[in-house]
Amino acid sequence: MKVATISLLVFYALANCGVPGIASNATQDASLEGARATLLQLIRLSDKQALQSEQARTVMTGETAELNIPSFGKLADTPDRMEMLERNRAIGRVQLFGENNQVTDVYFYLRYDAVWKVSEVRLLSLTGIIEDAYLALSAKPSLTDDEKNDLANMKLVLATDKALTAWFTANLKSFERVYRQVKSYGLKMPNFIRTDDKQFPEVGTALKALHLSGLSVTSNGNLEFVIGGVTDNLVGLIYSPSDSPPAMSPSSYIWVEKVASKWYLFRTT
């Protein structure tokens, strides 16, 4: 899959500046708390337009260190979730506050090599296209049924993980019914069912009622309920009968979060 860059974030062309009073990367342990401390330092440096300062270089590595920007934009003060991926890899989720009251989840990958440093930054890419379409539809005085469905779908694509989790929880029984329908058909890879699918109309209708784009069955038997996105930058829900979700990585599934027994929220890039 295509690797997303941070180019969709709102950056400001301001001069480099020092950041007095911010501690160096003093946390040397490989714990999740150590990773969190490093990410907090980066957030504070970004808030002060100082990502090109010497202080910032001590907490960045790899492609993140090559970013020629002073700031990521308006970030939340702290990550709302941190996870250890491997012994020397971690990920933190932080909210980005953009224009038109848009809130976007951004995922910071960290690597530990004597000290923690942020190595990659990911988010659901190309959503600017969807946001423009959403604003245009929202401004219309009246909508057709198809336009209403499109608007609901785009709202879900643009939603934060927290909002999507709440929406999924409220619709869990509907998702479970779709799974039972698919199971009764005995679908095998590489099936992909769209909302207008003629071979499986009942499934297609159920997907449309949830404002989804489609559903696929992966090679390991997982079902991916695709909300939407652009090209391979997708967001959706996974049902894993064997409770085997895909691993998170900056080049594929950039975020995977358990939201119910055997159900996972996912984002890809």
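**A six-stranded sheet, its helices and its cores**

In this predicted model, six strands form an open sheet: 6 strands follow one another in the order E6-E7-E8-E9-E11-E10, and their pairing is antiparallel. Two of them sit at the edges, namely strand E6 (192-194) and strand E10 (253-260), and each of these pairs on one side only. From one strand to the next, the sheet twists by an average of 20°.

The E10 edge can be followed in more detail. Strand E10 is joined to strand E11 (residues 263-268) by 6 bridges, and the two strands run antiparallel. As an example of this pairing, glutamate 257 has leucine 265, in E11, as its bridge partner.

Two helices lie across the sheet. Helix H6 (residues 161-170) lies across E8, strand E9 (233-239), E10 and E11, and its direction makes an angle of about 145° with E11. Helix H7 (residues 172-185) lies across strand E7 (214-217), E8, E9 and E11, running at about 115° to E8.

We now turn to the nonpolar cores. The largest one contains 35 residues, and the residues with the most contacts inside it are Trp167, Phe175, Val178, Phe225, Ile227 and Leu237. Helix H5 contributes the largest share of this core, with 5 residues. A good residue to look for in the structure is tryptophan 167: leaving aside residues up to four places away in sequence, tryptophan 167 touches Leu156, Phe175, Leu210, Leu212, Ile227 and Leu237. Apart from this core lies another, of 24 residues, including Leu51, Ala56, Val59 and Met60.

Helix H4 (residues 127-138) offers a clear example of a helix with two sides. Helix H4 has 12 residues and reaches 16 Å from its first C-alpha to its last, close to the 16 Å expected at 1.5 Å a residue. Thr127, Ile130, Glu131 and Leu137 are buried in H4. Viewed down the axis of H4, the buried residues fall within an arc of 130°, so they line one face of the helix. The general geometry helps here: an α-helix has 3.6 residues a turn, so residues three or four places apart point the same way. On the other side of H4, Ile129 and Asp132 are exposed. The cover over the buried residues of H4 includes helix H5 (145-158) and strand E8 (223-230).

Several loop residues are also worth finding. Alanine 114 lies in the loop between strand E4 (103-113) and strand E5 (115-122). Although alanine 114 is not a glycine, its phi is positive, at about 75°. Its relative accessibility is 51%, and since exposed means over 50%, alanine 114 counts as exposed. Threonine 231 lies in the loop between E8 and E9. Threonine 231 also has a positive phi, of about 50°, although it is not a glycine. With 59% relative accessibility, threonine 231 counts as exposed.

Threonine 58 is found in the loop between helix H2 (54-57) and helix H3 (62-65). At 33% relative accessibility, threonine 58 counts as partly exposed, because that category lies between buried, under 20%, and exposed, over 50%. Threonine 58 and leucine 42 are 16 residues apart along the chain, and their C-alpha atoms are separated by 9.5 Å.

Key
Residues numbered from 1 in each chain as written. Predicted model: local features only at pLDDT ≥ 70, side-chain atom pairs only at ≥ 80, totals over all residues. Heavy atoms only, no water. Helix = DSSP H or I, 4+ residues; strand = E, 2+ residues; numbered from the N terminus. Expected span 1.5 Å × (residues − 1). Buried < 20%, exposed > 50% of the residue type's maximum accessible area, 1.4 Å probe, protein only. Arc of directions from axis to C-beta. Contact = heavy atoms within 4.5 Å. Pairing = 2+ DSSP bridges. Axes fitted to C-alpha atoms, helices over the stretch in contact; angles between N-to-C directions. Core = buried A, V, L, I, M, F, W, Y, C linked by side-chain atoms within 4.5 Å.
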